[in-house]
Amino acid sequence: MSGLHNKARTSPYPGSQIMRAVVPDDKVCWSVSWPEYKPVEYTVPAILAQPVWADPPIGFFGSSSPREMNFSPKFNELDGKVQRKSLNGPYLLENGQPRNPTGRTGIAGRGLLGRWGPNHAADPIITRWKRDGNGTKQSHSVSGKHILQFVAIKRRDCGEWAIPGGMVDPGEKISITLKREFGEEALNSLQKSRAERQKLEEQLQQLFSQDHFVAYRGYVDDPRNTDNAWMETEAVNYHDDSGKVMDEMPLEAGDDAGKVKWVDIKKQLQLYASHAHFLQLVAEHRGAHWC
């Protein structure tokens, strides 16, 4: 269990000086009795200010806010348009609050996350074969396997390289999220003119209408996770086998991305959250070099 739960126990908590309660590997699982466990309570002020995309507090008595007083989430099911089901199956509640199904994190509350329980994201993994100047696929000198490349972004919030991606809006289909997030972060679609956006939409449709491979669905070992809120994702690979589709779409960082580039897929990659694991699954599926 602890193998899925390393980055979710790191301190300080992202964007803060908050230190988590230290959770040893043998105390991660909730089934292990630990009466002395006292997680730090932390939810960032921006979440407590209740933007429209975030849940109100749970069990907050004396509030005059209609939204807080009427907040009665339906956990483990589709709650209106908000998906509160976990991709890993039903999760337990404790004192009316969802409990992280993977174990203790050392922090209670929601931290940077808007939703109690699962916060659903989508990660588009766009790949092509690495080629030389003549267009010939390049192979690794040791494994002999062809080398895959993926579109990577450098996150503005933490400076780590990652797969482009973002949160699934309430009621939104995953396929829409995948295409939207790739366009915004890797192609800077939000800053394009109306004519440029229309052309880009047609190109994205061609890329995202190809056969795809769902590399991963489930819990993510994310540094933002807490005991009561956690990240889950669907990581989907769209492979441009000839490379011609992506040749028509020059990479340009936008939205939450500081930089964007093609990166060779290999075991030595140091990436955000569980992203390296997703790429390993893609490389194995495509028969490409990994290590």
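This is a short conversation about salt bridges and burial in a predicted model.

Mentor: Before we start, residues are numbered from 1 along each chain as its sequence is written. In this predicted model, local features need pLDDT of at least 70 and side-chain atom pairs count only at pLDDT 80 or more, while totals for chains, interfaces and linings use all residues, and side-chain values use heavy atoms, with hydrogens and water left out.

Trainee: What makes D79 and R84 a salt bridge?

Mentor: The term asks for a side-chain nitrogen of Lys or Arg within 4 Å of a carboxyl oxygen of Asp or Glu. Between D79 and R84 the N to O distance is 2.8 Å, so the pair fits the rule.

Trainee: How many salt bridges are there by this rule?

Mentor: The count comes to 14. Among them is R224 with D222, at 2.9 Å from N to O. Shared partners also join D55, D79, R84 and R115 into one network.

Trainee: Why is R84 called buried?

Mentor: Buried means under 20% relative accessible area, exposed means over 50%, and partly exposed lies in between (1.4 Å probe, protein chains only). R84 has 3%, so it counts as buried. D79, at 17%, is buried too.

Trainee: And why is E94 called partly exposed?

Mentor: Its relative accessible area is 43%, which falls between those two limits, so "partly exposed" is the right label. E94 forms a salt bridge with R99, at 3.5 Å from N to O.

Trainee: Which residues does R84 touch?

Mentor: Contact means heavy atoms within 4.5 Å. Not counting residues up to four places away in sequence, the contacts of R84 include D55, F71, Y91, R115 and W116.
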